[in-house]
Amino acid sequence: MKKILIVFLGLFLVSLNAKVVTTTSTKTATGEGYGITYEQAVDNALAEAVLKLNGAYVKTRQEAQISAIKSGDENEIYKHFNQQISKATNGRFSSFEVIENTKTEDGFRVVVSIQKTAVSKKYELAGMKNDRRKIIVAPALSPNNFSLLGRDSEQITRDLRFKIESNIHKTRKFDLLDRQEGEALAIERDIILNDANKDEALKLGQNLGTDYILLYTISDVNTTNKNYSIIGSGSSSKVSVSINYQVITFATRQIRFADSINLDIKSKDYDSILNDIASTIVLNTQAAIYPPKIEKISNNQAVFTQSLPINTQLECYKKGDKIYDSYTKELNGYEEIFSALVQVTNANAKTSYAKILEGNANKGDICRFKNIGNNSTSNDANGKDVKDITPVQGGGFIF
């Protein structure tokens with residue numbers, strides 16, 4: 001069993017490797033030429049063939065050049081013309097071949113075939129063959145003056161960003177882009193340009209632009225400590241956090257999703273508190289861009305291809321007819337027909353399973369969280385509550 005696991009892992013890692021891909025292509029063209037001498041006919045045929053390929057033209061040689069080639073010595077003729085082709089086309093043609101040679105009443109008729117070989121290289125990125133949306137995470141504003149378990153606001157904001165990015169990565173729904181490590185990237189770029197194999201330069205110019213920007217700010221943090229004594233003694237802590245965040249479509253600067261959440265977390269663990277905040281932000285953000293969609297119905301269970309919180313209930317709807325605004329003539333969304341209420345019973349990093357509590361769920365139904373808890377209020381740019389936003393087939397909402 002151990003050997004099988006190791007082999008599988010090895011194959012998986014190979015599939016993620018980036019590599020330089022070399023592609024060689026060859027084009028062929030023919031040309032027909034006439035001349036008093038065999039050499040003149042070949043010259044004119046080559047000129048026509050080269051012109052067909054890329055517009056380059058082999059100039060007719062002077063009589064002095066013609067006389068320099070010994071009549072009947074085909075090796076010398078081929079050598080001379082190959083050099084001429086290479087010079088006229090900047091080395092992009094390698095050789096030619098005479099495929100027809102006919103003696104006419106006043107000279108020669110020649111048909112030649114010429115080849116152009118091109119070699120190109122490109123850097124093939126690892127793991128990019130998908131249709132994921134690209135996203136970056138950044139604090140929206142300078143942090144307010146607050147503290148949490150001995151950490152100041154600047155550190156909390158920085159640590160929360162890392163937690164949010166970690167949770168986004170775990171969704172496997174986004175390509176997460178970095179916009180923070182500029183110095184490290186600059187150093188690596190300098191190494192590639194000045195002290196690396198020339199093929200390494202193919203990695204440059206591959207930077208991706210983002211589709212979405214997730215901006216967040218912590219507006220307030222309060223910690224309440226409570227001492228108690230029953231048989232022994234002890235204490236408990238409750239952290240209240242208020243957070244505002246929004247998702248902006250970079251191309252249009254449209255605010256696609258805005259959310260204000262107030263969390264009450266009973267914990268003394270700093271990492272656990274930040275992870276609760278980050279998971280709530282990412283869960284709501286993912287639901288706004290990729291609303292939970294039933295991918296399969298099996299054994300009275302609805303299967304989702306994303307991680308959802310255990311015990312969460314979702315109301316599922318199938319899409320009906322299109323609804324247009326009678327004033328603006330714009331598509332306002334689709335009629336929604338309630339299909340089922342489901343509850344998540346099991347989940348891993350990529351898949352969730354939900355028991356169908358009532359109704360008749362169908363593959364392709366779009367679902368919404370019935371009660372995500374933690375006093376979350378989600379609004380779009382116009383102040384509409386998320387529950388009134390229409391899900392769109394394939395991901396996203398119509399606001």
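Reader: How far from the ring centre of Y334 does the charged end of K319 sit?
Author: Keep in mind that this is a predicted model. A lysine counts as sitting over a ring if its NZ is within 6 Å of the ring centre and within 35 degrees of the ring normal. The charged end of K319 does sit over the ring of Y334, and its distance from the centre is 4.1 Å.

Reader: Which ring does K173 lie over?
Author: Here's another lysine over an aromatic face, with 6.0 Å to the ring centre. The ring under K173 is that of Y290.

Reader: Are the rings of Y317 and F338 stacked or edge-to-face?
Author: The model has 4 aromatic pairs by the rule used here. In the pair of Y317 and F338, the ring centres are 5.8 Å apart and the planes stand at 80°. Planes over 60 degrees apart count as edge-to-face. At 80°, therefore, the pair of Y317 and F338 is edge-to-face.

Reader: Which strands do Y317 and F338 come from?
Author: This pair links distant parts of the chain, with the two positions 21 residues apart in numbering. Y317 belongs to the strand spanning residues 313-324 and F338 to the one spanning 331-347, so we're talking about β13 and β14.

Reader: Is F338 buried or partly exposed?
Author: Its partner Y317 is buried, at a relative accessible area of 17%. Buried means under 20%, and exposed means over 50%. F338 has a relative accessible area of 40%, so F338 is partly exposed.

Reader: Which cysteines form a disulfide?
Author: There's 1 disulfide by the rule used here. Its sulfur atoms are 2.1 Å apart, and the link is between C316 and C367. The two cysteines are 51 residues apart, in β13 and β16. Both ends are buried, namely C316 and C367.

Reader: What is the handedness of the link of C316 and C367?
Author: Look at the angle about the S-S bond, which is 100°. That makes the link of C316 and C367 right-handed.

Reader: Which strands stand at the edges of the sheet?
Author: The open sheet has 6 strands in the order β11-β12-β15-β14-β13-β16, with antiparallel pairing. Each edge strand has a single partner, so one side of it is left without a neighbour in the sheet. At one edge, β16 pairs with β13 over 4 bridges, and C316 stands opposite C367 there. The edge strands are β11 and β16.

Reader: How many residues of α7 are buried?
Author: Helix α7 covers residues 270-289 and reaches 29 Å from its first C-alpha to its last, close to the expected 28 Å. This helix is mostly covered, and of its 20 residues the buried ones number 15.

Terms used
Residues numbered from 1 in each chain as written. Predicted model: local features only at pLDDT ≥ 70, side-chain atom pairs only at ≥ 80, totals over all residues. Heavy atoms only, no water. Phe/Tyr/Trp six-rings, centres within 6.5 Å; stacked < 30°, edge-to-face > 60°. Buried < 20%, exposed > 50% of the residue type's maximum accessible area, 1.4 Å probe, protein only. Disulfide = S-S within 2.5 Å. Expected span 1.5 Å × (residues − 1). Pairing = 2+ DSSP bridges.
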